[in-house]
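Here is a short, friendly tour to read with the model open beside you. Keep the viewer handy, since the notes go from the overall picture to single residues.

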Amino acid sequence: MSVGKAERPSYQGRFDQLDNRIREFELQNAPLPGIHSDEERSVLINQLIDSERRNEHFERILSRPISEDFSDPHSDNFDPLRAAIYHWRKNNQEEAFWLVFLFVHFGKHPSAGWRYAREVYGRLNSHPIWTWDEISANTPEFRLWLAESQEQLLRRDQPRGFGNHRKYSSLSHESDRGTAAVFESYVEWVMRYGSHKGLMAYYSYLGTAEERFDALYRDMKVVTDFGRIAKFDYLMTLSRLHFLEVRPGCAYLQGATGPLQGARLLVTGPGSSTSAKELEKVLSVFSGVTQTSFDVIEDAICNWQKSPGKFKKFVV
């Protein structure tokens with residue numbers, strides 16, 4: 001019987017359910033030395049719930065009307081996620097996919113919000129804005145514009161920065177891993193298939209949602225500065241918005257930092273150096289027994305390992 005409490009009382013039922021399933025996993029499969037105390041167990045379960053709630057957030061957005069104002073980068077209400085949904089509903093799939101890419105590339109800064117996405121996409125409040133049609137036809141021009149706009153974009157009179165998952169990214173027009181290089185490589189990747197629609201149609205023939213996710217994940221290696229977490233976030237965002245029927249078949253621990261550390265701590269205890277391959281086997285069973293998806297597990301154990309003894313809400 002559960003002895004812990006959900007951070008939100010309304011989720012106590014889900015807390016108890018997950019607690020029972022984790023105990024079932026431990027009883028039938030293997031102990032989890034990372035949760036040797038009630039506190040660590042409760043924090044892990046609450047992190048799993050918090051990760052599930054992030055998925056529910058997408059569903060709530062999808063259930064509501066999206067006004068045109070959210071799609072206008074010259075408006076303070078601009079939101080690349082809602083803008084993507086707006087364009088999708090207008091049957092403009094190319095722009096919807098492009099906005100998901102911008103959503104992931106720039107992220108949402110804790111203080112600056114969507115400033116980088118808004119100002120770059122909106123061409124610093126001028127026209128034409130950097131739509132998919134514009135960027136895919138004029139990629140060299142974008143690099144020149146970005147060079148001319150550095151001082152304005154990097155001004156200090158307002159908060160600035162990328163989101164937490166992209167905090168080491170750069171707006172540089174010169175760097176091999178800066179925004180100009182990232183955009184160029186993304187355009188090149190998509191245009192190998194003619195368009196986003198062509199790209200997704202090519203992969204639609206693969207048998208399962210997991211196989212499609214894996215194939216796209218591997219194909220995205222050509223996108224500059226899109227490492228393991230950015231590729232995972234991009235594909236998961238497309239999935240959560242129902243733009244694409246893909247689903248991770250594992251936690252993609254290879255090349256990970258936080259999720260890999262979390263998996264090691266949970267499965268084999270502090271100081272572990274267990275390989276990602278071995279951990280994936282255990283998490284696969286854990287996913288099945290607890291009936292939690294791999295994206296939820298990946299996110300939860302990453303956050304849990306940062307503070308296993310005390311619940312903290314983390315912003316992605």
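Where is Pro128 found? Pro128 sits in the loop that links helix H5 (115–121) to helix H6 (132–137). Please bear in mind that this is a predicted model. The protein chain has 15 helices and zero strands, and the notes below begin with its overall build before turning to particular places.

**Overall build**

- The radius of gyration of the protein chain is 21 Å, which agrees with the value near 20 Å that a compact globule of 316 residues would have.
- Along the principal axes, the C-alpha trace of the protein chain spans about 60 × 45 × 40 Å.
- Of the 316 residues in the protein chain, 56% are buried.
- Among contacts in the protein chain with a separation of 6 or more, 65% join residues 24 or more positions apart.

**Surface and charge**

- About 14,900 Å² of the protein chain is exposed, and carbon and sulfur atoms supply 49% of that area.
- The protein chain carries 40 positive and 42 negative charges, and the mean positions of these two sets are 3 Å apart.

**Helix H1 and its cover**

- Helix H1 covers residues 12–28, 17 residues in total. From first C-alpha to last it reaches 24 Å, close to the 24 Å expected at 1.5 Å a residue.
- The buried residues of H1 are Arg14, Phe15, Leu18, Asp19, Arg21, Ile22, Phe25 and Glu26.
- Helix H2 (38–62) and helix H14 (276–290) are included in what covers these buried residues of H1.

**Backbone features to look at**

- Most residues other than glycine have a negative phi, and most peptide bonds are trans.
- The peptide bond from His127 to Pro128 is cis, with omega near -5 degrees.
- Asn91 is not a glycine, yet its phi is positive at about 65 degrees. You will find Asn91 in the loop between helix H3 (80–89) and helix H4 (93–106). Asn91 counts as exposed because its relative accessibility is 62%, above the 50% cut-off.
- Gln291, also a residue other than glycine, has a positive phi near 60 degrees. Gln291 lies in the loop between H14 and helix H15 (294–306). With a relative accessible area of 55%, Gln291 is exposed.

**Around the cis bond: Glu134**

- Glu134 lies in helix H6. Its relative accessible area of 17% makes Glu134 buried, since buried means under 20%.
- Not counting residues up to four places away in sequence, Glu134 touches Arg123, Pro128 and Ile129. Pro128 is the residue that follows His127 across the cis peptide bond.

**The loop between H14 and H15: Thr292**

- Buried or exposed: which is Thr292? Thr292 counts as buried, at 3% relative accessibility. Like Gln291, Thr292 lies in the loop between H14 and H15.
- Leaving aside neighbours within four places in sequence, Thr292 is in contact with Arg14, Leu18, Glu52, Phe286, Ser287 and Ile297. Arg14 and Leu18 are among the buried residues of H1.
- Thr292 and Glu52 are 240 residues apart in sequence, while their C-alpha atoms are 8.6 Å apart in space.

**A buried position in H10: His196**

- His196 is found in helix H10 (residues 196–203). At 0% relative accessibility, His196 counts as buried.
- Which residues is His196 in contact with, leaving aside its neighbours within four places in sequence? They are Glu94, Phe97, Trp98, Trp132, Tyr186, Val190 and Tyr234.
- The C-alpha atoms of His196 and Gln93 are separated by 7.7 Å, although the two residues are 103 residues apart along the chain.

**The loop between H12 and H13: Gly249**

- Gly249 lies in the loop between helix H12 (228–240) and helix H13 (258–268). At 37% relative accessibility, Gly249 counts as partly exposed.
- Apart from neighbours within four places in sequence, Gly249 is in contact with Glu210 and Phe294.
- From C-alpha to C-alpha, Gly249 and Asp214 are 7.8 Å apart in space, with their positions 35 residues apart in sequence numbering.

Key:
Residues are numbered from 1 along each chain as its sequence is written. This is a predicted model: local features need pLDDT of at least 70, side-chain atom pairs count only at pLDDT 80 or more; totals for chains, interfaces and linings use all residues. Side-chain values use heavy atoms; hydrogens and water are left out. Helices (H or I, at least four residues) and strands (E, at least two) are DSSP runs, numbered from the N terminus. The radius of gyration is taken over C-alpha atoms; the globule rule is 2.2 Å times the number of residues to the power 0.38. Buried means under 20% relative accessible area, exposed over 50%, partly exposed in between (1.4 Å probe, protein chains only). Contact means heavy atoms within 4.5 Å. Accessible areas come from the Shrake-Rupley method with a 1.4 Å probe; for residues, only the protein chains shown count as cover. Lys and Arg count as positive and Asp and Glu as negative; His and the chain ends are not counted. The place of a charge is taken as NZ of Lys, CZ of Arg, CG of Asp or CD of Glu. The expected span of a helix is 1.5 Å times one less than its number of residues.
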